[in-house]
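I opened my notebook to look up a few things in one structure. My topics are a helix, the cysteines and a sheet.

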Amino acid sequence: MAKPDFYETLGVARGADEKELKSAYRKLAMKYHPDKNPGNAEAEHRFKEVSEAYEYLKDPQKRAAYDRFGHAAFEQGGMGGGMGGGGGFSDIFEDIFGEMMGGRGGRRSSGGRERGADLRYNMEISLEEAYTGKTAQIRVPTSITCDVCTGSGAKPGTQPTTCATCGGAGRVRAAQGFFSVERTCPSCHGRGQTITDPCTKCAGQGRVTEERSLSVNIPAGIEDGTRIRLSGEGEAGMRGGPAGDLYIFLSVRPHAVFQREGADLYCSVPISMTSAALGGKFDITTMDGARSRVTVPEGTQPGKELRLRGKGMPVLRSAQFGDLYVRITIETPQKLSKRQRELLMEFQELSSKETSPESTGFFSKMKGFFDTMSD
């Protein structure tokens with residue numbers, strides 16, 4: 001029986017580029033993968049066909065030969081054909097799904113060196129510190145490179161040796177059915193090297209745990225939830241590998257007076273009923289420590305916001321500042337004296353629609369609504 005055309009197997013045109021080939025193979029391989037179709041012989045057969053087609057078409061030389069001679073180019077040993085040699089299914093999957101499945105990109109570097117882990121440090125600052133900025137000193141327990149073996153893990157005067165099990169590759173390959181599966185070497189745990197005479201200080205790890213003091217610059221205007229990255233200040237790498245990074249996660253404590261929204265600040269200020277009715281002025285201390293005068297217009301209503309330009313937070317890495325919004329709340333008089341009560345009652349008797357337009361208008365609407373319902 002004639003073998004199916006490779007392009008038809010993948011469902012692509014003969015002029016398809018590398019991206020189209022990879023995309024077509026990815027979809028078909030996921031569809032017919034044996035793990036998704038247990039016991040389905042047809043799916044297994046189709047999976048082998050699409051894998052073989054992609055194996056040849058992804059290689060420019062093999063594809064050129066196939067385009068010219070068809071399947072005959074690989075018969076009787078031509079071009080080193082066949083899925084059994086060299087790569088096989090394992091290499092194809094690492095090519096296509098490597099990043100998703102932790103393939104080549106995540107391996108240890110040669111010589112057993114491993115990048116150190118990233119570290120997280122939580123820091124809480126006040127709103128005043130976020131306004132002015134600061135330089136903070138922090139102490140971080142972390143792993144640093146061993147000063148005795150300089151990170152190699154081996155006792156001074158000795159060297160790590162190449163792992164005999166994996167030949168220094170850090171991984172071993174085993175056949176499982178028609179798959180060739182790669183695993184981390186059980187002898188060297190993926191490092192590619194073994195240490196027969198480890199350093200006495202770090203026990204062959206190439207690093208020791210110590211507490212370090214670091215200086216962190218907090219810029220003015222920084223916001224809650226900001227992350228600061230200190231490159232190379234994380235955990236030391238294994239056996240001389242590069243260090244990880246340190247991430248400072250900042251949180252800003254709630255303030256007793258001000259609430260922050262971006263670069264703007266808000267605060268609520270209670271004033272007397274008479275100040276709201278007659279108008280007036282009061283002073284408020286802003287974040288820069290200065291005193292600013294706020295003018296209350298006559299007839300101010302509860303919830304009105306009065307803006308003080310440029311009195312908010314600094315904008316990060318900018319010369320600009322946000323604004324401060326003063327929200328007015330009106331305090332109702334309490335524990336009135338007899339004379340105060342008499343004066344308020346007199347004021348009530350002298351009030352008209354003009355003095356309380358909102359309440360008068362509301363009750364007029366309510367009366368009209370119920371009059372309509374009773375008709």
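My entries on this predicted model follow.

**Helix 3**

I started with the length of helix 3, residues 41-57. With 17 residues at 1.5 Å each, I expected a span of 24 Å. The end C-alpha atoms are 25 Å apart, so the two values agree.

Next I asked how many residues of helix 3 are buried. I found twelve of its 17, so I noted the helix as mostly covered. Among them are F47, V50, Y54 and L57. Charged residues are listed too, including R46 and E49.

I then checked the N-terminal end of helix 3, where N40 acts as a cap. A side-chain oxygen of N40 lies 3.1 Å from the backbone nitrogen of E42.

**Cysteines**

A disulfide is a covalent bond between the sulfur atoms of two cysteines. How many did I find in the whole structure? The search gave zero.

Why is C163 not bonded to C166? Their sulfurs are 3.8 Å apart, too far for a bond, since a disulfide needs them within 2.5 Å. C166 holds the closest cysteine sulfur to that of C163. I noted C163 as buried, at 2% relative accessibility. C166 is also buried, at 12%.

**An open sheet**

I traced four strands in the order 10-11-15-14, with mixed pairing. Strand 10 (259-261) and strand 14 (305-308) are at the edges. Each has a single partner strand, so one side of each has no neighbour in the sheet. The twist averages 30° from one strand to the next.

Which way do strand 11 and strand 15 pair? They are parallel, over eight bridges. I looked up V269 and found its bridge partner in strand 15, I328.

Methods: Residues numbered from 1 in each chain as written. Predicted model: local features only at pLDDT ≥ 70, side-chain atom pairs only at ≥ 80, totals over all residues. Heavy atoms only, no water. Helix = DSSP H or I, 4+ residues; strand = E, 2+ residues; numbered from the N terminus. Expected span 1.5 Å × (residues − 1). Buried < 20%, exposed > 50% of the residue type's maximum accessible area, 1.4 Å probe, protein only. Polar contact = N/O pair within 3.5 Å; in protein donor to acceptor, adjacent residues only side chain to side chain. Pairing = 2+ DSSP bridges. Axes fitted to C-alpha atoms, helices over the stretch in contact; angles between N-to-C directions.
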